[in-house]
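Colleague: Could you take one part of this model, the aromatic rings that pair with one another, and examine it closely? I should like to see how the rings are placed and which parts of the fold surround them.

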Amino acid sequence: MPPAIEVRKIPLHSVSDASELAKLIDEGVMEADRIIAVIGKTEGNGGVNDYTRIIADRAFREVIADKGSRPPEEVKQIPIVWSGGTDGVISPHATVFATLAEEKVTKTDEPRLTVGFAMSEVLLPEDIGRVAMVSKVADAVTEAMAKAGISDPADVHYVQTKTPLLTINTISDAKSRGKTVWTEHTHESMDLSNGTTALGVAVALGEIEMPTDEDVMHNRDLYSAVASCSSGVELDQAQVVVVGNARGVGGSYRIGHSVMADALDSDGIWEAIKEAGLELPERPRTSDLDGRLVNVFLKCEVSQDGQVRGRRNAMLDDSDVHWHRQIKACVGGVTAAVTGDPAVFVSVSAAHQGPDGGGPVAAIVDVS
């Protein structure tokens, strides 16, 4: 049986700030050596060259290493997933997951939060956008589920991944070996990597059958309702964090999920919170959360038809501000209006993650 989980959300006061993480450790809320995953938002441009992710990553790993006893090579293996871009009201923050010592665990047979992680086989540049990547990601998701103590895919409510995208160097590498790549546009490869990874999650959880190469980025009816996929230049494998519920682990937290049908679907957010275990009125308000919501995690995407609820928008045609930034700001505002807290994890580029124009929502709540 995996250990119980403590989870806290902390602010980032600057892009290189990990002082709130140090505070959690110093106050005994978490032990540095028990931190197993971090999922956060940084304030960069969210693009291929968003180095705020690397800066924040280094700051957090330094604190974990300095305040714990794990060797540097072990600290480097901790899955720390940063999503760049805090457009609109979204506030830079991190959600930190740590295991609890048995003597600190609240015992219960009710389903409680559990986390497992795994790394895939190396993803070659020619894999990205193709079934080879889908298969490698699916294998890693299955491994992470086992580590979380989850056997039933229905108990998985959130799968956060980080995968490589294509860069000029990796494209050149593929060509030097006589291989082709799906696209030579590095920014487009962000959407591609995310979408292909989501299909791998969906295959592992039995949400879809194995797709074909032709399905990738084209058949938007194929998607995962729990995948949240990010990509960057930091790694050459799929880093997979599976979050779900399991009986017997104990602890104070539960997770639930739903989907937003479109960019304005606040009911989808409320549904995820309810599924996580909070009893709420039929038409809830922010005050009904009563401080029990730890965080929500969302992916969002512009609808391929350029409309929301029958009204045309110009995001896909805008040459000045990329649609990534516009839809992220929009959904971030909708989400913060529900939670009453701008520190929400809203990430863009949601191909094959939730329905077209919408996206998955996961919510972690304190049910103690």
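Modeller: In this predicted model, F60 is buried, with a relative accessible area of 0%. W82 has a relative accessibility of 1% and counts as buried as well, because the limit for that class is under 20%. These residues lead directly to the topic of your request, since the structure holds 3 aromatic pairs. The ring centres of F60 and W82 are 5.0 Å apart and the planes stand at 80 degrees, so this pair is edge-to-face; the class requires an angle over 60 degrees. F60 belongs to helix α2 (residues 52–66) and W82 to strand β3 (residues 80–84), so the contact ties together parts that are 22 residues apart in sequence.

A further pair is made by F297 and F345. Their ring centres lie 5.8 Å apart with the planes at 45 degrees, so the arrangement is tilted. This pair links distant parts of the chain, with F297 in strand β10 (residues 293–300) and F345 in strand β13 (residues 345–348), 48 residues apart. F297 counts as buried at 2% relative accessibility, and F345 counts as buried at 0%. Together with Y158, the rings of F297 and F345 form one aromatic cluster.

Charged side chains also belong in this picture. K41 lies over the face of F345, 5.8 Å from the ring centre. Elsewhere, K147 is placed over the face of F117, with a distance of 5.6 Å to the ring centre.

Let us return to W82 and its strand. Four strands form an open sheet in the order β1-β4-β2-β3, and the pairing is mixed. Its edge strands are β1 (5–11) and β3, each of which pairs on one side only. On average, neighbouring strands of this sheet are turned by 10 degrees against each other, direction ignored. Strand β2 (residues 35–42) and β3 run parallel and are joined by 5 bridges. Within that pairing, V38 stands opposite I80 of β3.

Helix α1 (residues 19–26) packs on this sheet, where it touches β1, β2 and β4 (93–99), and its direction makes about 140 degrees with that of β1. The buried residues of α1 are E20, L21, A22, L24 and I25. They pack against β1, β2 and β4, and also against α2, the helix that holds F60. After α1 comes G28, whose phi is positive, near 80 degrees. As for α2, this helix lies across β1, β2, β3 and β4 and runs at about 150 degrees to β3. The edge-to-face pair of F60 and W82 is therefore a link between α2 and β3, and α2 lies across β3.

The setting of F297 can be followed through its strand. β10 pairs with β14 in the antiparallel sense over 5 bridges, and the bridge partner of V296 in β14 is A363. Strand β9 (residues 253–260) also pairs with β14 in the antiparallel sense, over 8 bridges; there G256 stands opposite A363. Strand β14 (residues 359–366) is mostly covered, as 7 of its 8 residues are buried. A363 thus faces G256 and is also the bridge partner of V296.

The chain as a whole gives the background to these local views. The protein chain has 8 helices and 14 strands. Of its 368 residues, 58% count as buried, and the four ring residues described above are among those with this label: F60, W82, F297 and F345. Among contacts between residues at least 6 apart in sequence, 80% join residues at least 24 apart. The F297 and F345 pair spans 48 residues, whereas F60 and W82 lie in parts that are 22 residues apart. For a chain of 368 residues, a compact globule would have a radius of gyration near 21 Å; the protein chain has 19 Å, which agrees. Along its principal axes, the C-alpha trace spans about 55 × 50 × 40 Å.

Definitions and conventions:
Residues are numbered from 1 along each chain as its sequence is written. This is a predicted model: local features need pLDDT of at least 70, side-chain atom pairs count only at pLDDT 80 or more; totals for chains, interfaces and linings use all residues. Side-chain values use heavy atoms; hydrogens and water are left out. Rings of Phe, Tyr and Trp (its six-membered ring) pair if their centres lie within 6.5 Å; planes under 30 degrees apart count as stacked, over 60 as edge-to-face and the rest as tilted. Helices (H or I, at least four residues) and strands (E, at least two) are DSSP runs, numbered from the N terminus. Buried means under 20% relative accessible area, exposed over 50%, partly exposed in between (1.4 Å probe, protein chains only). A charge sits over a ring if NZ of Lys or CZ of Arg is within 6 Å of the ring centre and within 35 degrees of the ring normal. Two strands pair if DSSP finds at least two bridges between them. Axes are lines fitted to C-alpha atoms, for helices over the stretch in contact, and angles run from 0 to 180 degrees between N-to-C directions. Contact means heavy atoms within 4.5 Å. The radius of gyration is taken over C-alpha atoms; the globule rule is 2.2 Å times the number of residues to the power 0.38.
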